Amino acid sequence: MQLWRKSLGVAALAGVTGLAMTGPAYAEVSAETQYVFNTLSFMFHGVLVMWMAAGFAMLESGLVRSKSTASICLKNIALYSIAGIMFYLIGYNLMYTDVSGFIGSFSFLYNTKGDELALLEGTGDAAAIVGEGTYSIMSDWFFQMVFVAATASIVSGTLAERIKVWPFLIFVAILTGIIYPIQGSWTWGGGWLSEMGFSDFAGSTIVHSVGGWAALTGAIILGARKGKYGPDGKVNAMPGANLPLATLGTFILWMGWFGFNGGSQLALGSAADAAWIAVVYTNTNIAAAGGVVTAMILTQVLFKKIDLTMALNGALAGLVSITAGPDQTNHFISLIIGAVGGGLVVFAVPLLDKLKVDDVVGAISVHLVAGIWGTLAVGIFGAGSLGTQIVGILAIGAFVVITTSIVWLALKSTVGIRVSDEEEEMGLDKSELGMEAYPEFGHGSQTLS
Amino acid sequence: MQLWRKSLGVAALAGVTGLAMTGPAYAEVSAETQYVFNTLSFMFHGVLVMWMAAGFAMLESGLVRSKSTASICLKNIALYSIAGIMFYLIGYNLMYTDVSGFIGSFSFLYNTKGDELALLEGTGDAAAIVGEGTYSIMSDWFFQMVFVAATASIVSGTLAERIKVWPFLIFVAILTGIIYPIQGSWTWGGGWLSEMGFSDFAGSTIVHSVGGWAALTGAIILGARKGKYGPDGKVNAMPGANLPLATLGTFILWMGWFGFNGGSQLALGSAADAAWIAVVYTNTNIAAAGGVVTAMILTQVLFKKIDLTMALNGALAGLVSITAGPDQTNHFISLIIGAVGGGLVVFAVPLLDKLKVDDVVGAISVHLVAGIWGTLAVGIFGAGSLGTQIVGILAIGAFVVITTSIVWLALKSTVGIRVSDEEEEMGLDKSELGMEAYPEFGHGSQTLS
Amino acid sequence: MQLWRKSLGVAALAGVTGLAMTGPAYAEVSAETQYVFNTLSFMFHGVLVMWMAAGFAMLESGLVRSKSTASICLKNIALYSIAGIMFYLIGYNLMYTDVSGFIGSFSFLYNTKGDELALLEGTGDAAAIVGEGTYSIMSDWFFQMVFVAATASIVSGTLAERIKVWPFLIFVAILTGIIYPIQGSWTWGGGWLSEMGFSDFAGSTIVHSVGGWAALTGAIILGARKGKYGPDGKVNAMPGANLPLATLGTFILWMGWFGFNGGSQLALGSAADAAWIAVVYTNTNIAAAGGVVTAMILTQVLFKKIDLTMALNGALAGLVSITAGPDQTNHFISLIIGAVGGGLVVFAVPLLDKLKVDDVVGAISVHLVAGIWGTLAVGIFGAGSLGTQIVGILAIGAFVVITTSIVWLALKSTVGIRVSDEEEEMGLDKSELGMEAYPEFGHGSQTLS
């Protein structure tokens, strides 16, 4: 079975460092009960991660201007849908089936089969089919699928307000069907990075940095919104239209992250697994809290005002930072890791603006910068080797920068990726969808009539 | 015990078709552990279905105009409350207690009793009380109760912006306390339809079409909103005031649907049950994704713009479509079923407008049309008999059309169901509640002062 | 182990009254399976309670005016973060470690240790470490932590639109790190109130009234918003800016309450525990529904209009009311308890206005008034002694009133707690954060440009 997924990195690492992280003790839990617990963990935690799609949708809806809000809603529900279909059609097999170092199997569709079919239909002997530490293979598919969707969600926020819908969705299909699965196979599929001992518990690099790199190449190739950067180096604020929605989105993401990190234990069938998940929950929460408080204090000190959007991004940066190594039994380290992540965002956001990289929601700062930090932190505080962590960050970064740049440039030179200046001025909602997000409120209602 | 509920249709069906869907194998899970798993499944999945009440509230809040938004919020929280109380007072017994073919028992209140009371109070011998495949009876009540509420939620959206609050709530009390439970007893209560082999796993017909029929009779008897249909056949768009909320509502419903369909396996106490739920989750997600993509492509092709509200309704139609038979091990069939559902909505919405049936949120297209399609699909792709499926659709449809028409007409001829023209023009929020949903924004703020 | 927490009151009570609420029967569930179930219950239910932080944020965002909406969002995410950090740094130990009647241990940090560390690292013998009825200690920490955050959330709503951000957050740190844990140790930590038999299942008094008392002392010391109360005794309505968000917040809280009350069973490792949780879910839902319907009917009768915000607060009051004793097997009693709670709010809100206590969201009426009622109801309908319930209410009330008053007054006389009149007029968003929640909508957009 496939229980070594994602865990494998940690297990291999344990061998390297001598840490006695042996397999879970199933002394008193029957094999079939383990199967139910493990499957339940994938399903419960998978639902929480699915919910993060709503979190990204609300965060981005709140942080864009009202004239492009309906478009970002559409992109978010569309990308979640496309990610799920692509991962079913091709992605899962590329990532997890017969991985030979650098890539899995090119084969279509991922359906229940063999023994599990016999189990489902009651034609086999359950006791014989269900071994120790196993789980339903479709529960695993479900859990892995919602992770792919998270990667795509990261990209939509950065590129909001100027990218065309359909080219963006073509990019999403390639990202979730091919690019993400290939690099994912290197670690979680049991490929070369996992063999080196690269450790990324729930995906600071494999999910968040990948989304961040794709957003970065997209932002550079797409260019900034009209008027964002003045000729004299002035950065014009384009404040989000609905901050309570952005706050809601952040809370949703925070909630979903318990599934993201907790479920990545990949098992619930023993006392040790359950206790590890509780440790992961604790660290996840403490790191996020540390990110919020740091971002608040820093913005107060630096800007003399507390910045709500920085506090929200501080929470997310804390969460991304702890994602690579939420399995610390000293929770104070998590507080530090999250606090550093929250602090990094406060500096990264203006830095990107200085570089004229227009990231509408701050996703590059949150997911790429804090993702790198979190992955390094495993080498600094955790059991991982710092050198190996850097290799993983660079290898995955190089692969994603190159492949996504090719896709963006190919799209740009064929169907085009950017709306016209007039359409951008009008807002994507009217130009692409022919509708308004808030037809009765404020500017929208005035310009409409 | 009552484990045959909802499952019974499937089990009977298995007998008919020869499919070897035997009972779950509990070889290695002790009876008491099964009890905990089964109860947990009802509770976890029930909470997700409860959450759908919020999904409907947000979807409808987003799709009505701002002058009737507070009213739709009120109706949604009120209907969820009334459904729960009515199902406790009378509905559950009508649906599940001593069902004699066409109806259950007319008896009041549904409390824990007998053996379970002994179990709770520790006065009985747990090992003797807890048999294989059992569960807490109140967990079952909770899970069934949230389904009733979903049925009522469907009606409120269609009739928004013109129906009076109290008559609507009286209708809800009768629908959830009497009409829904009686037709529900025919299949899930073990009545005549289940004996025929009618198969509706989680309620494409029993929940969604019932809500859809009630919405349809209500829409016809209540009439369209003033100005919706011009004298020359022109359909005037009355766009929703807050599309991010509608998007949020759709994501909430999608999330809740894992509970709706997954929990309808009615057990988690064996490896086979857990694996089936994972299959159900997978199909549920893929069908919804198929609905989104189809609706997007069709609106792009037909209208030259992607319609966000159609994409959202496409997701919901995909979900409704798969609800009758989410237990396919070939997930590609789910993609097709969901895609067809999403496509149907794109055609059904303008068709209803042509017929001057004013459905504010598209609920009839989503829940009735896709509900019928999903129920037929079990006969086409699944193990069900198409003839029996049609019998079930027609029987339940006829019963609900007749009974709800009688209730609507009785309310119309006594207390009245429609606000006056002046009140409708002013908006229900001021006329019925004396308040505004968004007192400081846009039109609202201007007309108020 | 610590399973007696919160349960202890009930267990002691059972001894007093002769009710045969013996310990759960674990006849057929292995000790390790129990451990997994119990831990899972804390994690699942804890996530639901964490989600209540978003519910409070949305409720309050919807009920404040738009010029102070971003501030209330910030306060909510900050208070959740600070509560978590303080409970990790000091609070948990004060509440649960070596409680000697009136207070626990002054010691810093709460990390996994001892046997559990051996279990996690696989260095110990799981079968020897895991005893009957045990659970992961960090899962317990997580569950208790989210409760503290709920207490703080109650305060922010009452004091909105006029309190400075940083002094409020200092108050939150003291409330969640010191005041809440000390009074919590009296009952749930096994201190003097639990020894007396004070019964508060999930915290009508210990969580909700404590938040309510802190809000009350704050509201009195801080004073009302400018213009709220006219010189002639006139109460000026200051309607909330976004009622769909308030509705969403209420639904989130309702959903989260299944975790709040259900998880407070503190175990899921036996059929009896699972059945009790199902009973708790049922009562929780029925009480909330009763609160909604009562508030609706009363506002219709008294004010001739249904008041949406009263209906929402009715739901919350029903939930608070049932929190002290949701373990009734006669669910009709829960309907009554919730209905009375919902009714109390309809009278308490105008009463507080008469007393010129300006509670922006009605939190004092909901959490303090209904919290007292719910705690008394255990003495009236449940197995508790009315006298002891009154002692608990008074003792905790006196302690919180005195300590929070000292903190508020100390803050007032040092850093100050209230923004200037000009800042209040301008709104906290501009004065404290330098931003707007809805920069493009309605009043906001007009005053901005």
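The following exercises, with worked solutions, concern confidence and aromatic pairs in a predicted model.

**Exercise 1.** Determine how the rings of A:F102 and A:W192 are arranged, and where the two residues lie.

*Solution.*
1. The ring centres of A:F102 and A:W192 are 5.6 Å apart, with the planes at 25°.
2. Planes under 30 degrees apart count as stacked, so this pair is stacked.
3. A:F102 belongs to the loop between helix 3 (69-96) and helix 4 (115-121) of chain A, whereas A:W192 is in helix 8 (residues 192-196) of chain A. The pair thus links distant parts of the chain, 90 residues apart.
4. A:W192 has a relative accessible area of 21% and is partly exposed.

**Exercise 2.** Classify the aromatic pair of B:F142 and C:Y281, and establish whether each residue is buried or exposed.

*Solution.*
1. The centre-to-centre distance is 5.3 Å and the angle between the planes is 80°.
2. Angles over 60 degrees count as edge-to-face, so the pair of B:F142 and C:Y281 is edge-to-face.
3. The pair crosses between chains: B:F142 is in helix 6 (residues 137-158) of chain B, and C:Y281 is in helix 11 (residues 271-303) of chain C.
4. B:F142 is buried at a relative accessible area of 0%; C:Y281, at 1%, is also buried.

**Exercise 3.** Identify where in chain A the pLDDT is under 50.

*Solution.*
1. Chain A has an average pLDDT of 91, and 92% of its residues score at least 70.
2. The pLDDT stays under 50 over residues 1-25 of chain A, and is below 50 over residues 444-449 of chain A.
3. Where pLDDT is low, predicted coordinates should not be read in detail.

Notes:
Residues are numbered from 1 along each chain as its sequence is written. Chains are lettered from A and ligands numbered from 1 in the order in which they are written. This is a predicted model: local features need pLDDT of at least 70, side-chain atom pairs count only at pLDDT 80 or more; totals for chains, interfaces and linings use all residues. Side-chain values use heavy atoms; hydrogens and water are left out. pLDDT is the predictor's confidence in each residue, from 0 to 100. Contact means heavy atoms within 4.5 Å. Rings of Phe, Tyr and Trp (its six-membered ring) pair if their centres lie within 6.5 Å; planes under 30 degrees apart count as stacked, over 60 as edge-to-face and the rest as tilted. Helices (H or I, at least four residues) and strands (E, at least two) are DSSP runs, numbered from the N terminus. Buried means under 20% relative accessible area, exposed over 50%, partly exposed in between (1.4 Å probe, protein chains only).
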